[in-house]
Every structure is written in C-alpha cells, then in structure tokens.
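User: I should like to learn how to read the strands, sheets and helices of a protein model. Could you please guide me through this one?

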Amino acid sequence: MDPEFTLKDKSSSISRRTFLGSSAALVGGAFLSPLAGGSNAFGASTNTLKIALVGSGSRGAGAVVNALQAEEGVELVAMADVFEEKLNDSYENLMRVDSISDRIKVPDDHKFVGLDAYQKAIDLADVVLLATPPAFRPLHFETAVEAGKHVFMEKPLATDAPGVRRVFEAGKVAEEKGLSVVVGLQYRYSRRFQKLVEKVNAGELGDITSMSCNYLLAGVKQVDREPSDSELEYQLRNWRQFEWLWGGSPAGLTIHFEDIAHWAKGSYPVRAFGTGGRAALEGPEQGNIYDHYYIDYEYEDGTSLHSRTRHIQGCWTNRTFSFEGSRGVAHASGGSGPEIKSRKGETLWSYDDSGDPNPYQTEHEVLYRAIRSGNPVNDTEWGAKSTMTSIMGRMAVQSGKLVEWEDALNSDVVMVPDDLSDDSEPPVLPREDGSYPVPIPGDDTRII
C-alpha cells in the first residue's frame with residue numbers, strides 16, 4: 001500500500017532535536033541553448049501567454065529557452081533573482097539565443113531583485129517558472145497558485161517536511177482551480193524511461209526483488225566569498241553547500257533515479273535507514289553538507305531500493321540504476337540505455353534513444369499543451385512524494401535512526417525561516433574558525 005500523505009498530531013511527530021540537517025549540491029540541467037526535440041511544437045496562438053522567471057540561474061535560464069521553444073505564443077515578461085548581476089547575466093545570455101530573443105520582453109522595471117522579488121514577477125505573468133534554490137519553493141509555489149498562475153517548478157520541491165506539506169496542500173488548490181503544474185523531474189518525460197517502466201509493469205523482469213541506483217559525481221561547486229557579502233548572501237551564492245537551502249544530495253541529485261523506482265513500483269517507501277558523512281569536506285567555507293550517502297529504502301512489499309550518492313572531487317563517477325527481477329535485470333543510466341538482460345546475461349530488450357526528443361523540452365511542451373487545451377496536468381503529488389522520500393533518507397542517515405514514512409512526513413523540523421528577508425541572518429552560522437556545525441548521527445543534542 002502506498003504511504004499516505006496524512007498528517008499526525010504534533011505530539012507524535014519528530015522533534016526538532018532529532019533531525020536538523022546539513023545541505024547542498026548540484027542541481028541538474030545547465031543552461032540550454034536551442035534543443036532538439038520539438039521546437040514550436042504546436043504553433044502560435046492569438047492568446048499570448050506571459051511568463052515570469054523566478055530564479056535566474058543556469059537552470060532557470062534553460063527553462064526559459066525550453067518554454068519559449070515549446071510554442072510561439074509565449075513571451076518572457078518578468079525576471080526575479082536575489083542577485084542583480086545574476087539576473088542581468090541571464091538576461092544577456094537569453095538575448096543571444098536567436099530563436100527566442102524577439103519574445104524576451106523584459107524592460108528594466110520588470111527585473112526584480114531581492115528575496116521579495118518573486119511576488120512582483122508572479123503578479124505580471126500567466127505562467128511562472130520556479131527555479132530558485134529549493135528552500136523557497138513552497139512559498140513561491142503557494143504564492144503562484146494563490147494568484148491563479150500555472151507553474152513549472154524545479155525539483156526538489158522543499159528542503160524539510162513542513163515545506164513538503166505546504167507544497168502538497170498548494171497542489172490540491174491548484175487542482176481545484178484548474179491550474180497546470182509540471183515538476184522538473186524530467187525522466188518522467190523521457191521516452192526511454194517511459195518505455196522501460198512499461199516493460200517492468202508488463203512483467204518482463206518477473207517479480208521485482210530489489211532496485212539500486214548510483215549518483216556519484218565530482219565535487220559540489222564552491223563560490224568564493226565576496227568582501228561585501230553578508231553571511232546570508234554568501235550562503236545564497238553557495239546554496240549547494242547548505243542543507244537548509246538545498247535539502248541534501250539525495251533530494252538534489254539522486255531523486256531523479258529514486259523517482260523512477262517509485263514510478264515503476266507504483267508506490268513509495270514506508271521506511272529508510274542508512275549511513276553517510278563528510279569524507280572530503282572539512283574546514284572553513286565548506287558549508288554543512290554530507291558528501292556521501294547510502295540509503296536503504298524499504299517498500300510495503302519488503303523490496304528495497306539501495307540508493308548511493310557521492311560528490312567528491314577525484315573519485316570514480318557513475319550515474320546508473322537497475323531493477324533486479326526474478327526473470328531478469330534492467331539497467332540504465334542518465335545518458336544511455338536502457339536494456340533488459342536475462343539471468344544468464346542474454347539481452348532480452350534494448351532501446352535506442354538517439355532519435356528521442358529532449359525531456360527538458362518535452363516537459364514544457366506538455367505544460368503549454370495542457371494550458372491551451374483546458375485539460376490540466378498536475379505533477380505536484382508525485383513530485384512532493386518523491387521529494388519527501390529523499391528527505392526521509394537524509395533524515396535517516398543524519399540521525400542514525402530507522403525512520404518511518406509517517407514520522408518523517410509529520411516532522412516539525414523547520415529548516416527555512418518564515419520571516420527571512422534580505423537583512424536576515426541565515427539559520428546556520430559559522431563558528432569562529434569559519435566552519436559550520438554538521439549533524440552527528442546518534443547525537444540528538446547537536447542542534448544547528
């Protein structure tokens with residue numbers, strides 16, 4: 001049975017002392033100039049849709065390119081970011097993409113800077129692209145839905161359980177309003193993974209006995225501290241290094257493969273345990289993230305997903321996942337495959353994806369087709385559940401506990417302050433030597 005998105009009384013929830021994490025890592029999908037796979041997929045419309053970008057980094061800029069290539073009747077009319085230089089760089093880069101530059105109509109008074117900039121940009125749009133660090137996703141999503149806007153939002157959808165619950169509730173409101181919401185877990189929109197999941201569901205592997213995934217990368221990006229930076233500005237520039245801003249590498253990275261497992265299973269794990277820590281990161285300016293994780297997710301039927309994450313410079317890199325079945329094994333990676341082999345190693349099925357459309361593009365085409373047709377699509381529930389699963393895994397590793405789904409979902413740990421402003425101190429502060437407190441498994445007195 002699928003673990004339900006039900007809330008318990010606070011008295012049975014996880015205490016603040018039990019789970020306070022550390023964060024960060026690389027968000028997928030760099031800036032994308034014109035992509036293969038369906039540019040101008042369903043033509044222009046007399047009803048122009050106005051887009052606002054909230055979060056003007058490389059992934060946000062890539063989303064703009066995808067959105068404007070999805071159809072001709074779309075214009076970018078507003079941009080928002082905490083940093084003015086980042087916003088201006090993204091604007092200039094977008095204006096260099098010839099196929100879309102004539103539909104980028106963002107005058108200077110539609111370029112908004114600061115932590116409150118999101119509201120001003122959302123007010124000007126029909127469709128909002130949310131691509132800030134995920135700590136802000138719940139607030140921005142709630143605001144967009146309340147204003148009646150369609151939404152594309154990047155994963156993960158939150159960094160803590162209270163944030164996931166907010167996203168889940170806002171998704172229900174979006175459904176009631178007939179709004180379309182697409183989540184940037186793009187493998188759901190990848191033809192090769194759709195074909196693989198079809199094969200698994202058709203019983204090609206027999207009964208699934210276990211699953212595993214690897215998301216092993218080089219180090220997380222480090223941005224030097226500027227002399228004029230406040231502590232909050234420094235952490236925002238290095239959001240991949242801080243748990244409260246990013247949610248941890250299972251949520252920021254491995255969620256892509258974990259989500260495929262949940263998709264194929266048609267359910268979500270009921271508990272998790274694991275191990276991890278910091279093998280390479282130490283000293284000043286290194287944030288408070290773990291740089292490696294192993295998580296065992298257990299499903300209701302007793303099968304497990306073995307999830308491994310690492311981001312340490314100079315180590316072996318690997319991005320793969322597999323399904324083990326009673327009749328065969330399925331393998332795939334982030335860039336090739338998939339294939340199914342028998343227990344004797346014979347190839348039973350393989351898929352050539354060389355002609356497939358780019359899933360980054362496809363997800364936007366689906367969004368605008370849904371808006372135009374009046375048949376809404378809403379990815380919020382499964383996007384929120386996959387986000388919560390990854391957060392549960394991080395909780396298990398950093399606490400050293402066996403964590404149940406219901407306890408994780410009902411956790412009262414708030415990692416993102418409600419009243420954060422440009423002048424605020426961040427919730428995690430450095431020690432005198434410039435290092436940051438890091439969670440220690442088994443030590444419930446360690447509060448960061």
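Analyst: Let us begin with one pair of residues in this predicted model. Ile-295 stands opposite Ser-307 in strand 10. The two strands involved are strand 9 (residues 292-298) and strand 10 (residues 304-311), which pair in the antiparallel sense over seven bridges.

User: What holds the strands of a sheet together?

Analyst: Strands of a sheet pair through backbone hydrogen bonds, and the pairing is either parallel or antiparallel. In this structure, strand 9 also pairs with strand 8: seven bridges join them, and they run antiparallel. There, Gly-277 stands opposite His-292 of strand 9. Strand 8 pairs in the antiparallel sense with strand 15 as well, over two bridges, and Arg-271 stands opposite Glu-404 in strand 15.

User: In what order do the strands of this open sheet lie, and which are the edge strands?

Analyst: Nine strands make up the open sheet, in the order 14-13-12-11-7-10-9-8-15, with mixed pairing. Its edge strands are strand 14 (347-350) and strand 15 (403-404), each of which pairs on one side only. At the strand 14 edge, three bridges join strand 13 to strand 14, and the two run antiparallel. Glu-339 has Ser-350 in strand 14 as its bridge partner. The hairpin of these strands has four residues between them, and Gly-345 takes a positive phi near 95 degrees in it.

User: Which open sheet has parallel pairing?

Analyst: An open sheet of six strands, in the order 3-2-1-4-5-6, has parallel pairing. Strand 3 (111-113) and strand 6 (181-183) are its edge strands, each pairing on one side only. From one strand to the next, the twist averages 15 degrees. At one edge, strand 5 (residues 150-153) and strand 6 run parallel and are joined by three bridges; Val-151 stands opposite Val-181 in strand 6.

User: Let us turn to helices. Which residues of helix 6 are buried, and why do they line one face of the helix?

Analyst: The general idea comes first. An α-helix has 3.6 residues a turn, so residues three or four places apart point the same way. In helix 6 (residues 191-201), the buried residues are Arg-192, Phe-193, Leu-196, Val-197 and Val-200. Seen down the axis of helix 6, these buried residues fall within an arc of 135 degrees, so they line one face of the helix. They pack against several elements, including strand 7 (208-217), helix 9 (249-265) and strand 11 (318-325). Helix 6 is followed by Gly-203, whose phi is positive, near 90 degrees.

User: How do helix 5 and helix 11 pack, and which residues meet?

Analyst: One reads the angle between the axes and the distance separating them. Helix 5 (residues 161-177) and helix 11 (residues 380-399) pack at an angle of about 170 degrees, and their axes are 9 Å apart. Because angles over 145 degrees count as roughly antiparallel, helix 5 is roughly antiparallel to helix 11. Ala-161, Val-164, Val-167, Phe-168 and Gly-171 of helix 5 meet residues of helix 11, among them Thr-380, Glu-381, Ala-384 and Met-388. By class, this contact of helix 5 with helix 11 has eight nonpolar, three polar and one charged residues.

User: Which strands does helix 11 touch where it packs on the sheet?

Analyst: The sheet in question has strand 14 and strand 15 as its edge strands. Helix 11 packs on that sheet and touches strand 8 (271-277), strand 9 and strand 15; the direction of helix 11 makes about 115 degrees with that of strand 9.

Key: Residues are numbered from 1 along each chain as its sequence is written. This is a predicted model: local features need pLDDT of at least 70, side-chain atom pairs count only at pLDDT 80 or more; totals for chains, interfaces and linings use all residues. Side-chain values use heavy atoms; hydrogens and water are left out. Axes are lines fitted to C-alpha atoms, for helices over the stretch in contact, and angles run from 0 to 180 degrees between N-to-C directions. Angles under 35 degrees count as roughly parallel, over 145 as roughly antiparallel, 65 to 115 as roughly perpendicular and the rest as oblique. Contact means heavy atoms within 4.5 Å. Ala, Val, Leu, Ile, Met, Phe, Trp, Tyr, Cys and Pro count as nonpolar, Asp, Glu, Lys and Arg as charged, and the others, Gly among them, as polar. Two strands pair if DSSP finds at least two bridges between them. Buried means under 20% relative accessible area, exposed over 50%, partly exposed in between (1.4 Å probe, protein chains only). The arc is that of the directions from the helix axis to the C-beta atoms.
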